[in-house]
Amino acid sequence: MRGGANLWLLSSLICDCQPQLLQIVQKLNKSSGKMDDETLLLLEEGIKEGFLTLDAKMRERHEFDDNAERSGTTAICAIVTPSHIVLANLGDSRAVLSRKGQEAFGTEDHKPFLPKERDRIVNAGGSVMIQRVNGSLAVSRALGDFEYKAVPGLEATKQLVSPEPDIYTIVRDQNVDEFLLLACDGVYDVMENAEICNFVQSRLRVTSDLSTVANQVLDACLSKGSRDNMTVILVCFDAAPKIDPDAVTKEDEWKQKISERIQGMEFMHCNTSVHVNRIPKN
């Protein structure tokens, strides 16, 4: 399940955040939708509590249901309001924000070799070998993976692998915010943040179909050799690149050249004969 989507996890996370979300909605109604510092803090606390509660529920399923999923999963979440983007990251899935034609922000992956992660792992009695938790797990925070959360007397956030997400709050600028891309590590294994921003920008200049753009991201990653799970969510804002007629024309010309070349190769293949000379036995 690592790096993939799971509807049960998503619905459970939303339910576990409901008490805080209800308070936030009530506060926003009173403030005409404005997100003040108190509301943002309440949202951050609610998201963290939701993750911890969800992880505890997963542990219960793990202990009492022999058919329950045994592996863990990373998570990347976004809440977009008119004034803010709030991101929650757990593991090595990642969110990237594009502004003014370039990467403006990217979440930090939770890797065991990072100092703050290594310290927690060592304090819990574990080790970091070949950049992995106990030489095995490549991420230091996740939902599930309970074999790394079994140190007696330690709370969940102090275990070798923690279920606590990092929360990032970004003030929106509707004049320059272009798009937000959320994806798991199968994408970022082969494309850096800046590269994927440039790629998405180029695709948005030739199509307004976001599903097509997302699929083209996955196709590009496959062509680069990615063999890990890949999930992509693309959120476009008002300042996102618009269709450029010149770019569309160049794209069509390029596709035509590729098509002609493929047809030429097929024609050559059909008109190629193979002769085998057999030497008779004496």
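So, let's start where two helices touch: Ile196, Phe199, Val200, Arg203 and Leu204 in α6 meet Leu210, Val213, Gln216, Val217 and Ala220 in α7. If you sort the residues of that contact by character, you get eight nonpolar, one polar and one charged. Do keep in mind, everyone, that we're looking at a predicted model.

How do these two helices sit against each other? Helix α6 covers residues 193-204 and helix α7 covers residues 210-223, and their axes come within 10 Å and cross at roughly 140 degrees. The cut-off for roughly antiparallel is over 145 degrees, so α6 counts as oblique to α7. As for the hand, the crossing of α6 past α7 is right-handed.

Now let's move over to the strands, and to β2 in particular. Is strand β2 buried or exposed? Seven of the seven residues in β2, which spans residues 84-90, are buried, so the rest of the structure largely encloses this strand. That goes for both faces: His84, Val86, Ala88 and Leu90 point one way, Ile85, Leu87 and Asn89 point the other way, and all are buried.

And which strands does β2 pair with? One is β1, residues 75-80, which pairs with β2 in the antiparallel sense over six bridges. Here you can find Ile79 standing opposite Val86 of β2. Three residues make the link in the hairpin that joins β1 to β2.

Another partner is β7, residues 166-171, which runs antiparallel to β2 and is joined to it by six bridges. If you'd like a spot to click on there, take Ile85, whose bridge partner in β7 is Ile170.

Thanks, everyone!

How values were computed:
Residues are numbered from 1 along each chain as its sequence is written. This is a predicted model: local features need pLDDT of at least 70, side-chain atom pairs count only at pLDDT 80 or more; totals for chains, interfaces and linings use all residues. Side-chain values use heavy atoms; hydrogens and water are left out. Axes are lines fitted to C-alpha atoms, for helices over the stretch in contact, and angles run from 0 to 180 degrees between N-to-C directions. Helices (H or I, at least four residues) and strands (E, at least two) are DSSP runs, numbered from the N terminus. Angles under 35 degrees count as roughly parallel, over 145 as roughly antiparallel, 65 to 115 as roughly perpendicular and the rest as oblique. A crossing is left-handed if the near helix is turned anticlockwise from the far one by less than a right angle, and right-handed if clockwise. Contact means heavy atoms within 4.5 Å. Ala, Val, Leu, Ile, Met, Phe, Trp, Tyr, Cys and Pro count as nonpolar, Asp, Glu, Lys and Arg as charged, and the others, Gly among them, as polar. Buried means under 20% relative accessible area, exposed over 50%, partly exposed in between (1.4 Å probe, protein chains only). Two strands pair if DSSP finds at least two bridges between them.
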